[in-house]
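Student: Could you walk me through this one?

Tutor: Sure, have a look first.

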Amino acid sequence: LKPDALRGPYAGFLNRHGGKSVHHYRAVQAVAVARPGAETAAALTDAAKTLYPKNDRAARALLEHAAMNNTHPESRAFDAAVRARPQLWGALLHPGQSPIEHFARFFVSSLARSVTIYFPLYLLPAVLVHRKKLLGPRGKTLAWRAAGGVARSSAFLSAYCASAWLGPDLVQRVVGDMRWWTIVGGVPLAGLATFIEKPSRRQELGIYCASRAVEAGTLCLLDWGMIPRSVSGWRHDVSLFALAAAVIMHCYNAEREVFKSKYLNVLDLVFGNVGHTRQSISHVGSFKDLMTKKPVIGSPPRKVRKKRLNGSGENGEAPSRWYE
């Protein structure tokens, strides 16, 4: 409904994995907010020219819908146009395909794109943090576990994007109309795809999407004039980052048990691997030691070496005693 509310790498991420162009988003927005009649006809005509200049069949279907909307409001053609509004979503985004067929085709095509995202995310931590275990007896098990994580996360992202296109289509066919609120109500159905991921990952995904939602909502409020433009120049992101970093480092220094093991391993690799019990974290002497030696938590107890002292005793015996 408002593609320019998302900016930077996240917008590029959605443009790639959403499988549609910005022109598709703008066409859907124009039709969803248009009233039945001339506004809808103009939006459909523009979409036919912009989206499908080389697909005569898809363009012709949109132009037929536009012609029905251009008729008199009391005519049968106009009534047919109103009844056909739930079909406009499919005519704009996946002409010639049913909703389920588009879901299946999109899911399969999205898997390849998703693997390119998650394969490095699982490979690099495994090599950096668990490099010794990968070469040990459990290396094969860890490798299969990482491969399973890539497959599960790729399936999640593909199902999420495919469901985001399917949800509004189903809602519109149930209510019998295509409006902005049917899109708002249908897209969240894609959240069901998070059940593919592990429970720990679901929490991470929720926090990440919430931060992006706050950013997009703030940009919308600025565009609508509900927030003064003077506030937009403030660097709230720097303050939030500083606060979050302070909390993380305090907990890492004093409350290590609140972190999960995989995050704790990464933090130890970055910040240091000695001095945690003294709340004085530091790296070991060299980068080579850091990459090759196992992290030591605190100082180990001093071992006392004991020796046996032999000496002369009564009746020619040689009594013994222990000393430190």
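Student: Which residues does Leu-62 touch, leaving out those up to four places away in sequence?

Tutor: Contact here means heavy atoms within 4.5 Å. With residues up to four places away in sequence not counted, Leu-62 touches Leu-44, Ala-47, Ala-48, Tyr-52, Ala-91 and Leu-92.

Student: What kind of model is this, and what are the ground rules?

Tutor: It's a predicted model, where local features need pLDDT of at least 70 and side-chain atom pairs count only at pLDDT 80 or more, while totals for chains, interfaces and linings use all residues. Residues are numbered from 1 along each chain as its sequence is written, and side-chain values use heavy atoms, with hydrogens and water left out.

Student: Which element gives the largest share of the largest nonpolar core?

Tutor: A nonpolar core is a set of buried Ala, Val, Leu, Ile, Met, Phe, Trp, Tyr and Cys residues joined through side-chain atoms within 4.5 Å; buried means under 20% relative accessible area, exposed over 50%, partly exposed in between (1.4 Å probe, protein chains only). The largest one has 33 residues, and Leu-62 is among those with the most contacts inside it. Helices H2 (22-33), H3 (38-51), H4 (56-69), H6 (88-93), H7 and H9 each give two or more residues. The largest share, seven residues, comes from H9.

Student: How are helices defined, and is Gly-90 buried or exposed?

Tutor: Helices are DSSP runs (H or I, at least four residues), numbered from the N terminus. Gly-90 is found in helix H6. Its relative accessibility is 8%, so Gly-90 counts as buried.

Student: How far apart are the C-alpha atoms of Gly-90 and Asp-169?

Tutor: Along the chain, these two are 79 residues apart. Their C-alpha atoms are separated by 7.2 Å.

Student: Does the span of H11 agree with 1.5 Å a residue, or disagree?

Tutor: The expected span is 1.5 Å times one less than the number of residues. For the 25 residues of H11 (residues 199-223) that makes 36 Å, and the end C-alpha atoms are 36 Å apart, so the two agree.

Student: Which helices do the buried residues of H11 pack against?

Tutor: The buried ones in H11 are Arg-201, Leu-205, Ala-216, Leu-219, Cys-220 and Leu-222. They pack against helix H7 (99-129) and helix H9 (139-175).

Student: Is Val-174 buried or exposed?

Tutor: Val-174 sits in helix H9. Its relative accessible area is 71%, so Val-174 is exposed.
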